[in-house]
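Visitor: I would like to learn how to read a structure like this one. Can we go feature by feature?

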Amino acid sequence: MDERDTDGSAIGRRRVLVGTALACGLAGCTDRGGDGGDGESDEGGESDPRPPMAVIEASVSATTVTTDETLEVSATIENRGDREGTFHAELRMDDVIVDTEAVTVAPGAEERVTFSGKFADAGEYAVSVNGEPAGTVVVELPPPEFEVRETAVDRTTVPIGEGIEVTATVANVGGRAGTFTAELRVDGLSVATREVRIEAGTEESVTLAHEFTGPGEYEVGLNEVAVGTVRVAPPAAFEVTATAVDRRLIAVGERVEVTATVTNVGNLEGRDAIELERDGEVIERREETLAPTETVTVHFPVGFAEPGAYELSVNGVGVETVYVRECSIAVSETVTVESRSAKTYEFDLKENVDVAIAATTREGVDPTLTVVGPSGDPLIEGTTDSAVRGTVTTREAGRHEVRLDNDAFLPWQSGTWAVEIEICTW
């Protein structure tokens with residue numbers, strides 16, 4: 001009938017732990033000797049009452065094991081006598097007894113004894129039971145065994161075109177040094193690998209990186225260990241949604257204020273430059289940090305040292321043309337204009353020059369103001385009672401004529417005129 005251990009599983013006629021006994025054997029335990037009887041007389045000459053029994057076969061469950069694996073040593077004991085007897089089975093490692101067990105065997109029967117346990121140290125051992133060789137067992141340290149611990153990803157939201165770094169601590173809990181191949185997986189696909197050698201009982205840190213080229217949510221893992229979910233989104237995108245300038249016509253040395261409404265239409269927070277351009281050249285720059293959908297109004301005060309027409313824009317979005325004028329008084333005098341005569345002034349002007357004319361005389365004089373361009377077409381023509389004023393913008397470059405006519409018929413209707421002509425260029 002089979003004996004059973006405490007949890008009820010069948011273990012054969014006998015199972016004993018070898019590990020502690022093996023340690024004892026390596027320390028030099030005493031060899032207690034032989035079998036349970038041979039049928040010969042003792043020193044008194046009397047016949048030995050023990051039946052003749054012997055180990056007829058012994059074997060090991062494996063010839064190579066590790067220190068964390070269990071080895072079984074089995075032996076068959078035969079009773080050749082005609083009565084029941086007790087046999088003392090001795091397990092030997094390199095001729096050192098490491099365990100014993102008494103086995104009762106019926107006459108003419110065989111019994112099986114099994115020893116089991118683990119080795120404490122690596123090495124090569126000759127195993128036998130009562131002198132019957134069971135085999136030579138090579139005991140090795142356990143192979144490398146790796147555990148991935150403390151995984152982390154440096155960020156869980158990244159822009160397209162940027163990447164992540166995944167770090168982990170890898171421990172070698174096996175018995176020998178080995179090389180661990182760390183494999184970074186994204187949605188189950190291997191995207192990066194790195195090898196690291198780890199001594200037994202130690203741990204090493206490993207880092208792998210990956211860049212994302214498309215948007216989405218990705219499951220990131222290291223070997224079979226899940227690390228986390230990474231969201232890849234379009235980067236911050238700053239869009240100028242509105243622009244304005246407070247004045248379009250100013251004098252040299254004056255300033256205008258340009259405003260621009262800027263919105264982050266991307267999916268991530270970001271920092272970007274908002275640039276004011278004049279005729280395509282950047283003249284002012286602001287740095288702004290905006291969260292997704294956040295809007296900011298940026299103000300640019302700007303002045304102009306030279307006259308001209310300037311095209312303004314913010315990040316390539318046009319604002320308006322600002323005209324910067326430089327004005328000077330071309331004529332400021334008092335003249336006498338006889339009846340039925342005129343006073344003429346001539347100027348060589350560029351296109352888009354503003355000319356303002358003011359002439360004042362006493363009542364009774366019929367003044368007429370005429371401005372004629374290079375082609376002979378009148379730009380201004382009209383009369384008033386005692387004063388004439390007019391403003392004109394030149395249409396083309398060339399000689400321009402400003403004429404003040406006194407249309408009175410009588411000689412005493414000559415007039416003393418106060419004349420002022422202002423020319424503004426830009």
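Guide: Let us start with the lining of the largest cavity. Its residues divide into 6 nonpolar, 2 polar and no charged. Keep in mind that this is a predicted model.

Visitor: Which residues line the largest cavity?

Guide: First the general idea. Rolling a probe the size of a water molecule over the atoms shows where empty space is left. Here the lining consists of L349, V355, V371, L379, V392, T394, H400 and V402.

Visitor: What is the volume of the largest cavity?

Guide: About 30 Å³. A search of the whole structure, with a threshold of 30 Å³ or more, finds 1 cavity.

Visitor: On to cores. How many residues does the largest nonpolar core have?

Guide: The general idea comes first. In soluble globular proteins, nonpolar side chains tend to be buried together. In this model the largest nonpolar core has 25 residues. V73, I77, L91, F119, V127, V129 and V137 have the most contacts inside it.

Visitor: Which strands each supply at least two residues of this core?

Guide: They are β1 (53-60), β3 (70-79), β4 (85-93), β5 (96-105), β6 (110-118), β7 (123-129) and β8 (132-140). Another core, of 23 residues, lies apart from that one. F347, A359, L404 and I421 are among its residues.

Visitor: Now sheets. What is the strand order in the open sheet that contains β4 and β5?

Guide: Again, the principle. Strands of a sheet pair through backbone hydrogen bonds, either parallel or antiparallel. This open sheet of 5 strands runs β2-β8-β7-β4-β5, and its pairing is mixed. β2 (64-66) and β5 are the edge strands. Each has a single partner strand, so one side of each lacks a neighbour in the sheet. From one strand to the next, the twist averages 25°.

Visitor: How many bridges join β4 to β5?

Guide: There are 9, and the two strands run antiparallel. For one register point, take H88: its bridge partner in β5 is A102.

Visitor: Which strands make up the open sheet that includes β10?

Guide: The order is β10-β16-β15-β12-β13, an open sheet of 5 strands with mixed pairing. Its edges are β10 (157-159) and β13 (189-198). Each of these has a single partner strand, so one side of each is left without a neighbour in the sheet. Neighbouring strands are turned by 25° against each other on average, direction ignored. Inside this sheet, β12 (residues 178-186) and β15 (residues 216-222) pair in the antiparallel sense over 3 bridges. R185 stands opposite G221 in β15.

Visitor: Is strand β23 mostly covered or mostly uncovered, and how many of its residues are buried?

Guide: Mostly covered. In β23 (residues 308-314), 5 of the 7 residues are buried. Now its partners. β20 (residues 270-278) pairs with β23 in the antiparallel sense over 3 bridges. There, R278 has L312 as its bridge partner in β23. β23 also pairs with β24 (residues 317-337), antiparallel, over 6 bridges. G308 stands opposite V324 in β24, and V314 stands opposite V317 in β24.

Visitor: What lies between β23 and β24?

Guide: A turn. The two strands form a hairpin with 2 residues between them. N315 in that turn has a positive phi of about 50°.

Visitor: In which sense do β18 and β24 pair, parallel or antiparallel?

Guide: Parallel. β18 (residues 249-251) and β24 share 3 bridges. I250 has V324 as its bridge partner in β24. β24 and β31, in turn, pair in the antiparallel sense over 11 bridges. One of the matched pairs is I329 with E422 in β31.

Visitor: Last topic, single residues. Is A408 buried or exposed?

Guide: The cut-off for buried is under 20% relative accessible area. A408 has 1% relative accessibility, so A408 counts as buried. A408 lies in the loop between β30 (398-406) and β31 (415-425). The C-alpha atoms of A408 and V365 are 5.8 Å apart, although 43 residues separate them along the chain.

Visitor: And how does G135 count at 26% relative accessibility?

Guide: G135 counts as partly exposed, because its value lies between the cut-offs of 20% and 50%. G135 is found in strand β8. From the C-alpha atom of G135 to that of Y125, 10 residues apart along the chain, the separation is 8.5 Å.

Technical notes. Residues are numbered from 1 along each chain as its sequence is written. This is a predicted model: local features need pLDDT of at least 70, side-chain atom pairs count only at pLDDT 80 or more; totals for chains, interfaces and linings use all residues. Side-chain values use heavy atoms; hydrogens and water are left out. Buried means under 20% relative accessible area, exposed over 50%, partly exposed in between (1.4 Å probe, protein chains only). Helices (H or I, at least four residues) and strands (E, at least two) are DSSP runs, numbered from the N terminus. Two strands pair if DSSP finds at least two bridges between them. A nonpolar core is a set of buried Ala, Val, Leu, Ile, Met, Phe, Trp, Tyr and Cys residues joined through side-chain atoms within 4.5 Å. Axes are lines fitted to C-alpha atoms, for helices over the stretch in contact, and angles run from 0 to 180 degrees between N-to-C directions. On a 1 Å grid over the protein atoms alone, a cavity is a set of points where a 1.4 Å probe fits but cannot get out, and a pocket is an open set with protein on both sides within 12 Å along at least five of seven lines; lining residues have an atom within 4 Å of a point. Grid points are joined across faces, edges and corners, and a volume is the space filled by probe spheres set on the points. Ala, Val, Leu, Ile, Met, Phe, Trp, Tyr, Cys and Pro count as nonpolar, Asp, Glu, Lys and Arg as charged, and the others, Gly among them, as polar.
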